[in-house]
Amino acid sequence: MRKFGWLMAAAALSAPMVGVAAAGFKLDTRSSSLVFELGADGAWRWPYYGAKVAAAADVLDLEGGPYFDDGLTRYPTYDTYGARYDGDEVEKFGGLAVRHADGYMMTELKALGRAPVELGDEEGVRHWAFPMKDCAHGFFATQHFRADFASDVVETWMEFRNAETAAVELVRMDAFAWSMHRLAKRYRLHSLSSWWGREAQLREAELVPSQALVLDNRNGIHSAWNANPAFMLDIGGDSTEATGEVLGGVLAWSGVWRIGFRLDWKETLSIVAGPDNGNGAYVLDAGRSLKTPVFAFTWSRQGRGQVSRNFHRWARHRWLPHRTAPREVLLNSWEGSYLTFKEQTLTDMMDGVAEMGGEMFVLDDGWFGEGEFARDHDVPQDISGLAANNQGGKCDAGLGDWVVNRRKLPRGLEYLTAAAAKRGLKFGLWVEPEMANFKSRLLTEHPEFATQIPNRENVYGRGGTQNVLDFANPKVVDAIFRQLDAIYSIPGLAYVKWDANANFFNPGSLYLGAGRQGNLWFDYATGVQDLLERLRQAHPEIVTQACSSGGGRMEYGFLRYCDEAWVSDITDARERVFMQWGASQFYPASVLAAHVTARENHATRRVISLKFRFDVAMSGRLGFELRPVDLSREEVEFARRCVADYKRLRPVIQGGDLYRLKSPYDSNYSSLMFVSEDQTQAVVFVYGLNRSPLRDFVANVRPAGLDPAKRYRIREINRWGQDAPHVVCDGKVVGGDALMNAGFEPLLANRDYDSCVLELTAQ
Ligand code: DGJ
């Protein structure tokens, strides 16, 4: 095991390797192999990624053909502007493009060393580094591959070091830039499009030769809007949930980003993923290094369902801060009280959630700001209609001042944490650390902390006074860290909801100065990461939710520091069936915060039964967002049973394998299920949507992922009152083989939004 460091690379390996003999190197996961070789031109090549092979040399022996005659068309492990493509053309699609200190742009990365450097890592993970150097400049790059054996997910990223005589400009700086000679004749892309209220909508598109397809986000705050930084690429073009060859990728980055796909004229597939520098090149000073975000990818021949399960396992075992720890059933105050509350409003909610068996109370927006800067203003409780989400001109003070608002909460947060503890509840708090109102002490004392552009009229967001803080400036990170550190230290605080409700209204940084404005987009995101990391180090026990005007931060960049994401401000259970289905392509159920809200939804005004609302929320991280006093006794009793069952089944739902059985995109009902890793327990959800009695016949639901040799007792849970069971097999013990092959017919009523939940227990 050798440790790699820049110093060692520079001192011992400063001469690029040219003219060495080809050798194959194989990095394996449970079901896949990546084969690398050192090309005769001294560059690392990546000729194979797919099903597991026994010998790297066999793959290399099989290579060749009409397009391989010049020996250069085995594609590099990482494309650069300067690498030869098609033998004689310069690569211009993605990867790295550097304006070197001498002003010229070509970069040809050659290996430093003849073998990948093996780095020590966690057990079950193999980590290789490929140190490289441009052959004409003092510009170093190291490519990392970190393979998690059990989940089949490989993380990759780049590190660059400028050892030139002056600053260089990174025009492109992707984490991943990969080309592969014809794997198939068709490729179909599956991705998520998102906006406020319409998060995680599944989209499909065919790749077409000579065209590029780009998923991107230049918002900078809502990093999961427009598109989510995640995709599946169907190799062959006809994958299903259970069949077909699929490549999946996720970019863990909360700044601006771009993921591009290109099929060139000879049908070579190229994929690039990384920060987007379209708003300005990144200036990297001499002597400085830069690490790109992580791009994680996986491959399966068992369809898109397996790709999802791979990402879910990786997230649970390698990525999320609290890994597999059970996530609590909580009540968040937002839809119950918005900004209008006093102590008793909150303690009443605590009473309600405690009675229903919940485990935590979370106080949302409105608890902070002092004196003239207190967050006191009301917001309309009806947010139906898109425009109203900005709460029309209210919420205009306090952001930036993370001190309690004594007008609303005279006894402080300590009183509330104690009140929660008295009821056996943990306590959580909302913050929006990246933004500040100019009506705040922070910006009154430090106007330079806000992003702004001199000599221009700046514009403001929510409330007409909100701006984005300049997280490129380390002093801003320090100032917000100090304030939050004090809040996070309040005894009894267990959870933080991290919100961000703004766009880059005024994309300028006084700190970066005139010559570095292009760095704002990357440095802002790394500044926020720095703050999150410092808080995590100081308060490792605190669980954080990534929220950004709903699901604007449901991505793995933020999920490095947060255990869950708020999927959407739209809590309407019908809409959530679609959004959670989309989000589940990449994110495990433990990440998907799903709350049971009021009978009439605050955004859509749709009225849906409490049972359906529970059945949908229980397929994610269950919570509430309502005033429990509005529930009838019968509803409270029902909720108690649902919560108790959820807590019992939580290890399966939050920690099991997901099988999507019936897509809501295909018909008017939907079904999905979770199976424990040892296949002894499973939970099946079936949702009827907008159904018509004469049209919408339900096909048998055929569970998946069970052990065919085991027998399972079937029990319907979440039954409402005296309603008849939804399956004739309720209470029976049936073989896993019969369940998976014959399936059962759910007796969904001929009306909208009937649903059922079945528990399967191996006997
Ligand atoms: C937007 C979030 O998505 C909501 O859940 C809520 O926290 C509001 N912000 C509070 O301002």
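Which residues does aspartate 615 touch, not counting residues up to four places away in sequence? The exercises below begin with this question.

This is a predicted model, in which local features need pLDDT of at least 70 and side-chain atom pairs count only at pLDDT 80 or more, while totals for chains, interfaces and linings use all residues. Residues are numbered from 1 along each chain as its sequence is written, and side-chain values use heavy atoms, with hydrogens and water left out.

**Exercise 1. Describe the surroundings of aspartate 615.**

Step 1: Locate aspartate 615 in helix α11, residues 610-617, where helices are DSSP runs of H or I with at least four residues, numbered from the N terminus.

Step 2: List the contacts, meaning heavy atoms within 4.5 Å; aspartate 615 touches Phe685, Tyr687, Asn718, Ser755, Cys756 and Val757, not counting residues up to four places away in sequence.

Step 3: Look at the side chain of aspartate 615, which makes a polar contact of 2.8 Å with the side chain of asparagine 718. A polar contact is a pair of N or O atoms within 3.5 Å; within protein, one must be able to donate a hydrogen and the other to accept it, and residues adjacent in sequence count only if both atoms are side-chain atoms.

Step 4: Classify aspartate 615 as buried, because its relative accessible area is 0%, and buried means under 20%, exposed over 50% and partly exposed in between, with a 1.4 Å probe and protein chains only.

**Exercise 2. Describe how the protein surrounds the ligand.**

Step 1: Find the 13 residues that surround the ligand, of which the closest are Asp364, Asp365, Lys497, Asp499 and Asp569; a residue is near a molecule if one of its heavy atoms lies within 4 Å of it.

Step 2: Go through the polar atoms, starting with aspartate 364, which has a polar side-chain atom 2.8 Å from an oxygen atom of the ligand. In the side chain of tryptophan 430, an N or O atom is 3.1 Å from a ligand oxygen atom, and asparagine 501 places a polar side-chain atom 3.5 Å from a nitrogen atom of the ligand.

Step 3: Consider the ligand's surface, which amounts to 300 Å² exposed when the ligand is taken alone, with 98% of that buried by the protein.

**Exercise 3. Examine helix α10 and the residue that caps it.**

Step 1: Note that helix α10 spans residues 573-583 and is mostly covered, with 10 of its 11 residues buried. Among the buried residues are Arg574, Phe578 and Trp581.

Step 2: Turn to the N-terminal end of α10, which is capped by aspartate 572, whose side-chain oxygen lies 2.8 Å from the backbone nitrogen of arginine 574.

**Exercise 4. Explain what the aromatic pair of tryptophan 195 and tryptophan 225 ties together.**

Step 1: Apply the rule that rings of Phe, Tyr and Trp (its six-membered ring) pair if their centres lie within 6.5 Å, with planes under 30 degrees apart counted as stacked, over 60 as edge-to-face and the rest as tilted; the count comes to 51 aromatic pairs.

Step 2: Characterise the pair of tryptophan 195 and tryptophan 225, which is tilted, at 4.8 Å centre to centre with 35 degrees between the planes.

Step 3: Place the two partners: tryptophan 195 lies in the loop between β14 (187-194) and β15 (201-206) and tryptophan 225 in the loop between β16 (211-217) and β17 (226-235), so the pair ties together parts that are 30 residues apart in sequence. Strands are DSSP runs of E with at least two residues.

Step 4: Set the accessibilities side by side: tryptophan 195 is partly exposed at 41%, whereas tryptophan 225 is buried at 6%.

Notes
Accessible areas come from the Shrake-Rupley method with a 1.4 Å probe; for residues, only the protein chains shown count as cover.
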